[in-house]
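User: Please take a close look at a single part of this model, the open sheet, and explain how its strands are arranged. A brief account of the accompanying chain would also be welcome.

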Amino acid sequence: MRVWLLVIMTVSLFGGFDAKLTIEKKADQRARVAVVDGSLPTDVSRKIHAIFVADLKISGHFLADEAYLSSEYGGNMVDPALRAQAYVIKYRYTQENGTNTLLVKVLRAANSKQIVEGRYAVSNPAKYPFLVHKAVSEINAQLRFAPIDWINRYVVFARYTGRKQSEILLADYTFHYVKTIIHGGLNLFPHWGDPAQKSLYYTAYVKGRPTLYRLDLRTGKRTVVTSSTGMIVCSDVKSDGEKLLLTMAPDGQSDIYEYDIATAKATRLTTFSGIDVNGVYADEGKTIVFVSNRLGYPNVFKRDFASGTVTQVVFHGKNNNSVDAYGDTVVYSAREGQGVFNLYTAHTDGSSGRPLTSGGVNQFPRFSPDGNTILYIKRSYEGNAVGYLGLKTNQSLLFPLGDRKIQSLDW
Amino acid sequence: MIKTIPTIISLVLALLFSGCTQQRAPIPEGGQVADGQVSLDGGEVTGGVDGDGKYTGNDGVSRSGFKMLYFGYNSYQLDNGQVQRVMGDLPRIAALAKRSTIRIEGNCDEFGTDEFNYALGLKRAKAVKALLVSNGIPAAKIAVVSYGESNPTCRGSKPACHAKNRRAEINKGR
């Protein structure tokens, strides 16, 4: 009983992902793996090693040895010093004739048997992180672990570069690959337009008027969707891609609208005289959750499509100003004092979830497409970092982002 | 049409799927725009912050020369002091409205999430518009817009510096 009390107290004191006890318990269930660089070691090949370790860690299925190891790629004999591992992953990265290739094989450490082999190539050398992500997601699948395909996705984000200046960029989830795609003026609130990440929506100001654009990433073609005085933001895209949740202010009053792409008609969903923003589809599209100050402070509410009724979702905190949803689970950022923002989960029926962070500035939470991982931005004196929290695995990762302020992001 | 819009979209297809090296335009740094100076450290901020988080200094003018209007944390209410600042400028604002349009820009500090901040900035601008309309300025002459936290006048870490950014600006329309 005393042991259990100690466990409970430790978890409640340090909260969710900061509870080392939980992480150590999980460690025993993960497969130990060493990663060996079989390339002629370079700066990039060493970064690839670090990305392998990160991918394996965030999967929650592997306990990756962080030590950088190198040896010949050819030959499958496992170094006796690595026999304590379950697996050894060997890779070789080459850049020849405009092709960047990653060869990967997985050996069972106990008997040196090769159980997985793969070859991944890309023409753009800057995109080498995606080769690693693809390799690890396939190794994970071959070993029959739960899918982690989200690591192959792009993150789209906007960051400020000056007064009334911001740019939109693409990145891999570790932010080793970062590419500016839109710059000049204010470019805000990028949001993926479809699950396959072939298009995105974003806001720009045209002669001072907030305008929503759709950008086709395959053709580079940009089209105006709609515009509004005051503000316009695409907060969410329905899973079929046919409807958008917009925050607009045609009369200077910000409310949430559902915009039908086919008919170009916007239906007003909220009518509160204060602030309603950040609409997100929840409960398989039967409701939206959103942020409103209708109780005098920013908090999370939901609106039922069938009845039109609005109910409070979060009964914690006095400044909850950002929300995302997956099914009936929401994640929100709560301001808890000067310079402290923490992430929590809750459920659309009003029941509470659990704390995910315990200190610092943690904002912009976004669920992965499978709902198992949360991306967020952590700000500190050292600069910004993108963080990942595995809801089932209790694994967490942080990657540095530099000191430019992130405006918003989508995953 | 696209060429008339200052935003530049790179050849996204090439960026995503080709082996081209990254071509970035020079990224403008903060404070380069003409509409007022940006304080990097907040060192020259002369005012303080009241209990509601509102800036208490009398300094700060928009690029059109009208007094800045300050707000408390998460607030879009103009208190008596701020109303008096508007009333002091009202004759010149009315004169401007006769020959041009007026644009009210709402702004926020860096705290909170940007979507909420953009809506908050808009409510601040709208509160100023309501005051002007109630004092005889035609509503049709006034446009409101929010810049959220994208347009700070002070980028230091002092509370008074953040308070200076919780503001609305009255400017000549475009």
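Analyst: Two strands count as paired if DSSP finds at least two bridges between them. On that basis, four bridges join strand 10 of chain A to strand 11 of chain A, residues 199–206, and the two run antiparallel. The model is a predicted one. Within this pairing, Leu188(A) stands opposite Thr203(A), a residue of strand 11 of chain A.

These two strands belong to an open sheet of four strands in chain A, with the order 10-11-12-13 and antiparallel pairing. The edges are formed by strand 10 (187–192) and strand 13 (222–227) of chain A; each has a single partner strand, so one side of each is left without a neighbour in the sheet. Neighbouring strands of this sheet are turned against each other by 25° on average, with direction ignored.

Chain B may be described through its overall composition. Its secondary structure comprises four helices and five strands, and along the sequence these follow the pattern β-α-β-α-β-α-β-α-β. Of the 174 residues in chain B, 52% are buried, where buried denotes under 20% relative accessible area. The exposed surface of chain B amounts to about 7900 Å², and carbon and sulfur atoms supply 57% of it. As for contacts in chain B between residues at least 6 apart in sequence, 70% join residues at least 24 apart.

To return to the sheet, Leu188(A) and Thr203(A) thus mark one place where the strands face each other, within a pairing of four bridges between strand 10 and strand 11 of chain A.

Terms used:
Residues numbered from 1 in each chain as written. Chains lettered and ligands numbered in written order. Predicted model: local features only at pLDDT ≥ 70, side-chain atom pairs only at ≥ 80, totals over all residues. Heavy atoms only, no water. Buried < 20%, exposed > 50% of the residue type's maximum accessible area, 1.4 Å probe, protein only. Contact = heavy atoms within 4.5 Å. Areas by Shrake-Rupley, 256 points an atom, 1.4 Å probe, with all protein chains shown as cover. Axes fitted to C-alpha atoms, helices over the stretch in contact; angles between N-to-C directions.
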